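Let us walk through this structure together, from its overall make-up to a few individual residues. Please keep the sequence and the 3D view at hand as you read.

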Amino acid sequence: MSVRAAADQVHLALNDALVSGKIPADVADAANALLKRLRQPVRVTLLGLPGAGKSTLVNLLLNDAVIPDGISLPTTQYVHGDTPSAVMTLSDGRRETLDKADPFQIAAASPMFVEVALPLAALGRINVLEVVAPAVLQDQQRAMHWAAKRTDLALWCTDNFDRSEQALWDTMPDAIKDNAYLLLTHADQALARGELDHLLGSIRQNHAYQFNKIMPIATPSAIAARQPDGSVDKAMMQKSGALTLISSILKQVDARLQGAVDEAGAMVAQYKDAPVAKIAEPVAQMPVAQEPVITPSKPVNVVEMKTAKPVDMVEAAAKSAPRPQVKSRPVAIEPSRPMQKPQAASAPAPQAPAATAPAADPTPKKARPGFMPKARTTVIIPRATPETCAAYDEAIAYLTKQGRALTQDMAANDNLSSDHLMNASADNIMWLSDYLEDLSIADDPVLEKSRTRALDAAELVQLMQIEKNDSAALDALSLVIQLKRDLESEIALARHTNRHQAA
């Protein structure tokens, strides 16, 4: 059975369990989230400087000329829809809807952002976001960090990954780097100049640890390999590097879907024999054979796109200068074959001076494992102080009390506004951040970890408050719940560790 068929089957079973009332009320939210994941396409984001070939790559991934040659569009997200349409976000925050996704009409309106819905088969499995920004480091950085929160798989498009691009990429979160490909999008031109082997080898040697995959692709050749009658010149497609890219993306799509299938299957099995309970609002069942239809997303936050806090580019560029000296054997590039991921590289041992003990080998920075599970290593868990444990107890008690009060408000008022929910969640997060920061406890790594997490959450909830919509309010509430669960996990682990260390 294919992954998609398994997803359809478990989606039906889980939805039936929800409708019948077998899923307990306190698990219903998690079950609904799983239902969404079983139907949600992977979000693919194209990043890179102007002229890097992002728009041509969009046409390749969607198997359609959605962006005509010579036209310039703003940052655009492509999602699935039964009929072509476009929702434009203008620079003043207003939204305008076009009945047809005419790229020329979109370009003439000069919007800040546009979401295009198209009835294309590829969009049933992936959404594609092309990030467009001027060739100014600060503008590129703002756009990249705005897009990072909307990305499952990032594709960095480049000609040579120069120093300015390295500085930009260094500022991206590790979670994005672990799920990113670097694409040499003009590989045919580099091959014609006789530079492809050297360029690819250099990038792999110096930057393999920052990307899950590094591969060349001749995008125009890949598009030309698709014939008007629907047939494909497989040899030409393989030679272009497109087969390797598309195969890698589809494997990632299936891997994410399989994870959701496994979780949903476990939930169905857990509650299959549970007694049936009547639920107030059953979830509408989605037909198994129906192609997923993605509704337009929430309005794009133009303020966030314009004002995202930039990272110090001077510092980032300085950090990007000393690259790890990871020696790898030369990579022989044969255009007629798909690119293969090079073997793991090892660092040379330093020469020891005469008549002295051999020096220890330096440990090179390991390549990121990307989508593969990270290797398990022995971890020494810090021991929390009794004062920290007591402080955690107080914080958990406070958040529990506030959560119960909010639950009572929601039960008593069916029309509780999203503003009330957002404000209550933000207040709880800010309280926790201030509370942990004000504790006069020093040299406790467990507490420092929680302080950092709470501070990051406080900064994030401030951005959520700008969005002013129901989805942001629910995200803020989820953040409070997650912080409370993290505290409970930390204190349970700390106390367990304390007992064993004491023994």
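Helices (H or I, at least four residues) and strands (E, at least two) are taken here as DSSP runs, numbered from the N terminus. One such helix is α4 (103–109), and S110 sits in the loop between α4 and β5. You are looking at a predicted model, in which local features need pLDDT of at least 70 and side-chain atom pairs count only at pLDDT 80 or more, while totals for chains, interfaces and linings use all residues. Residues are numbered from 1 along each chain as its sequence is written, and side-chain values use heavy atoms, with hydrogens and water left out.

Start with the whole chain. It has 18 helices and nine strands. Buried residues, meaning those under 20% relative accessible area (exposed is over 50%, partly exposed in between, with a 1.4 Å probe and protein chains only), make up 42% of the 503 residues. Taking contact to mean heavy atoms within 4.5 Å, 78% of the contacts between residues at least 6 apart in sequence join residues at least 24 apart.

Next, look inside. In soluble globular proteins, nonpolar side chains tend to be buried together. A nonpolar core is defined as a set of buried Ala, Val, Leu, Ile, Met, Phe, Trp, Tyr and Cys residues joined through side-chain atoms within 4.5 Å. The largest one in this model has 40 residues, of which L57, Y78, L155, L245 and I249 touch the most other members. Several elements each supply at least two residues of this core: β1 (42–47), α3 (54–62), β3 (85–89), β5 (113–118), β6 (126–130), β7 (153–158), β8 (180–184) and α12 (242–271). The largest share, five residues, comes from α3. To see how I249 is placed, set aside residues up to four places away in sequence: I249 then touches L61, I126, L153, L155 and Y181. Apart from this core lies another, of 29 residues, with A133, M172, A190 and L196 among them.

Now turn to the helix α1 (residues 3–20) and its partners. For the geometry, axes are lines fitted to C-alpha atoms, for helices over the stretch in contact, and angles run from 0 to 180 degrees between N-to-C directions. The axes of α1 and α12 come within 9 Å and cross at roughly 30°. That makes α1 roughly parallel to α12, given that angles under 35 degrees count as roughly parallel, over 145 as roughly antiparallel, 65 to 115 as roughly perpendicular and the rest as oblique. On the α1 side, the contact is made by V3, R4, A6, A7, V10, A13 and L14, and on the α12 side by D254, L257, Q258, V261, A264, G265, M267 and V268.

How does α1 pack against helix α2 (residues 25–39)? The angle is about 155°, and the axes are 10 Å apart. The two helices α1 and α2 are therefore roughly antiparallel to each other. Here α1 contributes A7, D8, V10, H11, L14, N15 and L18, while α2 contributes A28, A31, N32, L34, L35, L38 and R39.

Further along the chain, Y392 lies in helix α15 (residues 386–412). Its relative accessibility is 1%, so Y392 counts as buried. Leaving out residues up to four places away in sequence, Y392 touches L436, V446, L447, S450, L487, E490 and I491. Y392 and K484 are 92 residues apart in sequence, and their C-alpha atoms are 9.6 Å apart in space. S433, in helix α16 (residues 418–438), also counts as buried, because its relative accessibility is 10%. Beyond its neighbours within four places in sequence, S433 is in contact with A454, L455 and A458.

Finally, visit three loop residues. N63, in the loop between α3 and β2 (75–80), has a positive phi of about 55° although it is not a glycine. S110 likewise has a positive phi, near 50°, in a residue other than glycine. Is S110 buried or exposed? At 56% relative accessibility, S110 counts as exposed. D152, in the loop between α5 (137–148) and β7, is buried, with a relative accessible area of 16%. Leaving aside neighbours within four places in sequence, D152 is in contact with P41, V42, R43, N179 and R256.
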